[in-house]
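The following exercises ask you to read a protein–DNA assembly from its parts. Work through each task with the sequence and the structure open beside you, and then compare your reasoning with the solution.

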2 protein chains.
Amino acid sequence: MSDTETRPLRADALRNRQRLLDAARAAFAEHGTDASLEDVARRAGVGIGTLYRHFPHRDDLVEALVRGGVDGLGTLSEQLAAEDGDRLDALHTWLQALVRHALAFRGLAEQLVTAAGSDNRLGTACHDTEAAGQVLFARAQAAGLVRPDATIEDAIDLATSIAWVVERSGRDDPNHLLTLTLDGLRPPLTPTQPRRGNEGGRHQGR
Amino acid sequence: MSDTETRPLRADALRNRQRLLDAARAAFAEHGTDASLEDVARRAGVGIGTLYRHFPHRDDLVEALVRGGVDGLGTLSEQLAAEDGDRLDALHTWLQALVRHALAFRGLAEQLVTAAGSDNRLGTACHDTEAAGQVLFARAQAAGLVRPDATIEDAIDLATSIAWVVERSGRDDPNHLLTLTLDGLRPPLTPTQPRRGNEGGRHQGR
DNA sequence: ACCTGAACACCGTTCAAGT
DNA sequence: ACCTGAACACCGTTCAAGT
């Protein structure tokens with residue numbers, strides 16, 4: 001929480017930084033988060049050293065690109081907490097958004113899991129995400145809608161790993177696996193009143 | 001199902017093959033499945049070309065090292081199907097073994113998910129694993145113990161992704177997440193008769 | 001203060017030459 | 001039939017030299 005990157009950049013440096021971000025976004029979209037950094041610099045029309053000056057680690061580049069999404073997850077959590085619908089549905093909705101977020105770039109889920117708990121910018125982003133989710137998680141758990149031996153870390157790890165397996169297996173629908181995970185593999189115990197929306201729900205994939 | 005590697009190897013070739021496997025096992029144990037292949041060849045005291053002759057793709061090396069485990073999952077499935085205990089417990093036990101299996105080497109879960117559905121040796125191993133699991137899965141589903149819109153692919157993908165996130169996050173207990181996934185995040189609906197063993201079950205990790 | 005790009009170390013994969 | 005290792009292409013990262 002001290003002064004990170006607070007000093008203003010020189011005009012050309014700022015321009016380069018922006019070009020690098022644009023180039024990285026394009027490269028990540030094509031090749032995933034392990035795109036060649038030399039290629040990123042090339043696309044940005046900038047020396048490789050400039051890339052490293054602005055983003056010493058690949059993590060930092062990733063973090064800059066997903067910052068907006070992380071903040072979005074924060075405001076979404078606030079919105080959902082403000083409404084007073086079903087607390088479990090709110091958690092479910094937020095976790096869906098998290099999965100979507102982790103699928104923004106190929107390789108992102110892996111970056112997120114690896115960075116979680118690290119003391120760097122991307123680690124902070126993960127921490128922020130967890131804090132946002134914790135609000136909804138605690139609410140649902142306090143209402144007895146979530147088993148007491150589960151934690152927000154569990155939920156986030158499960159959601160992230162679902163994003164990962166969807167990304168890697170080429171499945172089409174992440175929500176199917178997420179619903180299974182939230183409700184469990186067991187069938188609804190009260191057939192006349194099913195647990196939650198299995199709307200459509202064929203699935204298949206790969 | 002045609003003749004793959006059926007012809008006998010020359011004595012020196014067989015020896016080299018074995019040395020490569022031993023070296024790979026050691027290298028994978030140290031650095032995960034993306035260990036340097038040059039390093040593997042070096043450890044085996046063999047030229048890099050010899051490694052590629054025996055194992056044209058990294059996958060093939062991985063497959064050879066996990067073959068035993070895959071067969072083990074097959075026989076475990078047969079054993080569990082022979083006993084007639086709770087069919088859901090049998091599935092759970094088998095999925096636990098699958099998670100353990102996918103944690104044999106760092107990076108293995110990723111190799112498995114990537115290879116699944118591919119037309120190569122490791123893809124076949126995945127296919128064999130799925131077939132083994134399908135027996136237990138179908139039994140449990142037929143008994144109404146597993147929701148009808150879930151498939152063995154879902155279960156295997158979830159188990160594999162749990163192995164992955166445990167490996168990457170440094171969690172200590174894969175079974176906690178697996179239990180959450182099988183039972184769902186919800187608390188037991190009948191508090192007086194809990195769903196299944198939450199034995200101990202603190203957890204924490206990372 | 002910032003940028004450049006050569007330099008270094010490392011790796012995957014192929015293939016001509018050997019035995 | 002099998003093995004070797006040089007060769008090629010590619011990449012991440014650093015750092016001395018520039019402006």
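**Exercise 1.** How many residues surround DNA strand C, and which are the closest?

*Solution.* Bear in mind from the start that this is a predicted model. Begin by collecting the residues that have a heavy atom within 4 Å of the strand; there are 19 residues around DNA strand C, and the closest are A:Asn16, A:Gly47, A:Thr50, B:Leu37 and B:Tyr52. Next, sort the residues of this surface by class, which gives eight nonpolar, six polar and five charged. Finally, turn to the DNA side: of the atoms of DNA strand C within 4 Å of the protein, 67% belong to sugar or phosphate, while the rest belong to bases.

**Exercise 2.** Which helices each supply at least two residues of the surface near DNA strand C, and which of them gives the largest share?

*Solution.* Take the chains in turn. In chain A the helices to mark are α1 (11-31) and α3 (48-54), and in chain B they are α2 (37-44) and α3 (48-54). Then compare their shares: α3(A) provides the largest, with five residues.

**Exercise 3.** Where do polar atoms of A:Arg10, A:Gly49 and A:His54 meet DNA strand C: at a base or at a phosphate?

*Solution.* Treat each residue separately, noting whether its side chain or its backbone takes part. For A:Arg10, a polar side-chain atom is placed 3.2 Å from a base nitrogen of DNA strand C. For A:Gly49, a polar backbone atom lies 3.4 Å from a base oxygen of the strand. For A:His54, the partner is a phosphate oxygen of DNA strand C, which lies 3.3 Å from a polar side-chain atom of the residue.

**Exercise 4.** Describe the fold of chain A, from its secondary structure to its domains.

*Solution.* First count the elements: chain A has nine helices and zero strands, so that its pattern along the sequence reads α-α-α-α-α-α-α-α-α. Then consider packing, where 49% of the 206 residues of chain A count as buried, and where, among contacts between residues at least 6 apart in sequence, 66% join residues at least 24 apart. The accessible surface of chain A amounts to about 10100 Å², and 50% of it belongs to carbon and sulfur atoms. Last, divide the chain into domain 1 (3-56) and domain 2 (65-185). The C-alpha centres of these two domains of chain A are 28 Å apart, and their contact draws on 11 residues from domain 1 and seven residues from domain 2.

Terms used:
Residues numbered from 1 in each chain as written. Chains lettered and ligands numbered in written order. Predicted model: local features only at pLDDT ≥ 70, side-chain atom pairs only at ≥ 80, totals over all residues. Heavy atoms only, no water. Helix = DSSP H or I, 4+ residues; strand = E, 2+ residues; numbered from the N terminus. Buried < 20%, exposed > 50% of the residue type's maximum accessible area, 1.4 Å probe, protein only. Contact = heavy atoms within 4.5 Å. Areas by Shrake-Rupley, 256 points an atom, 1.4 Å probe, with all protein chains shown as cover. Polar contact = N/O pair within 3.5 Å; in protein donor to acceptor, adjacent residues only side chain to side chain. Nonpolar A, V, L, I, M, F, W, Y, C, P; charged D, E, K, R; others polar. Domains from an automatic or database assignment.
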